[in-house]
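Trainee: Hi! Could you walk me through the charged pairs in this one?
Mentor: Happy to, let's bring it up.
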Amino acid sequence: MASWDDLVSYVRVRYEIMRQHDQELWFNLPTTGERTQLVVVRQVVGDDGHTWAQISSPICRVAEVDLTQLLSLAGASVVGGVASVDGVAVFRHSVPLGDANLGSFDRPFRHVADVADDLEEKLTGRDEN
């Protein structure tokens with residue numbers, strides 16, 4: 001079982017933290033070639049009171065892309081989905097903290113970063129995040 005503090009320690013050892021707040025970590029992951037992708041992990045509490053690690057990565061500004069195309073491309077992912085946060089389209093997935101072991105977080109971190117990076121490249125042709 002993992003706690004938020006355990007996850008923070010785990011991430012700090014493996015990745016270079018760019019920014020940290022009480023319940024949030026920001027770090028970059030390499031994707032393909034020389035591309036990198038920002039990953040944001042937040043501690044959130046569900047309606048049922050359980051704690052989750054919400055993993056997200058920015059794709060582009062919502063106003064810059066065809067949302068139908070974005071949703072269609074994102075639909076190919078086996079888990080996660082697209083959301084809009086402050087006008088930015090993000091790819092997001094959540095993992096329950098209490099049910100996970102720390103080693104199981106690398107896969108969802110990588111998945112979110114890779115999907116967001118692929119969507120960003122296909123939709124904008126850029127690598128800004």
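Mentor: We'll go through the salt bridges in this predicted model.

Trainee: How many salt bridges does the structure hold?
Mentor: There are six salt bridges.

Trainee: Which residue does Glu24 pair with?
Mentor: Glu24 pairs with Arg42, and their closest N and O atoms are 2.5 Å apart. This pair links distant parts of the chain: Glu24 sits in strand E2 (residues 24-30) and Arg42 in strand E3 (residues 36-45), 18 residues apart.

Trainee: Is Glu24 buried or exposed?
Mentor: Glu24 is buried, at 12% relative accessible area. Its partner Arg42 is partly exposed, at 24%.

Trainee: Why does Glu24 count as buried?
Mentor: Because buried means under 20% relative accessible area, and Glu24 has 12%.

Trainee: OK, switching to helices. Where do Asp114 and Arg110 lie?
Mentor: Both are in helix H3 (residues 106-124), four residues apart, which is about one turn of the helix. Their side chains form a salt bridge, at 3.9 Å from N to O. Asp114 is partly exposed, with a relative accessible area of 31%, and Arg110 is partly exposed too, at 32%.

Trainee: And what does Lys122 meet in a salt bridge?
Mentor: Lys122 meets Asp118, with 3.0 Å from N to O. These two are four residues apart in helix H3, so about one helical turn separates them. Asp118 is partly exposed, with a relative accessible area of 32%.

Trainee: Which residues are joined into one network?
Mentor: Arg35, Asp117 and Glu120 are, through salt bridges that share partners.

Terms used: Residues numbered from 1 in each chain as written. Predicted model: local features only at pLDDT ≥ 70, side-chain atom pairs only at ≥ 80, totals over all residues. Heavy atoms only, no water. Salt bridge = Lys/Arg side-chain N within 4 Å of Asp/Glu carboxyl O. Buried < 20%, exposed > 50% of the residue type's maximum accessible area, 1.4 Å probe, protein only.
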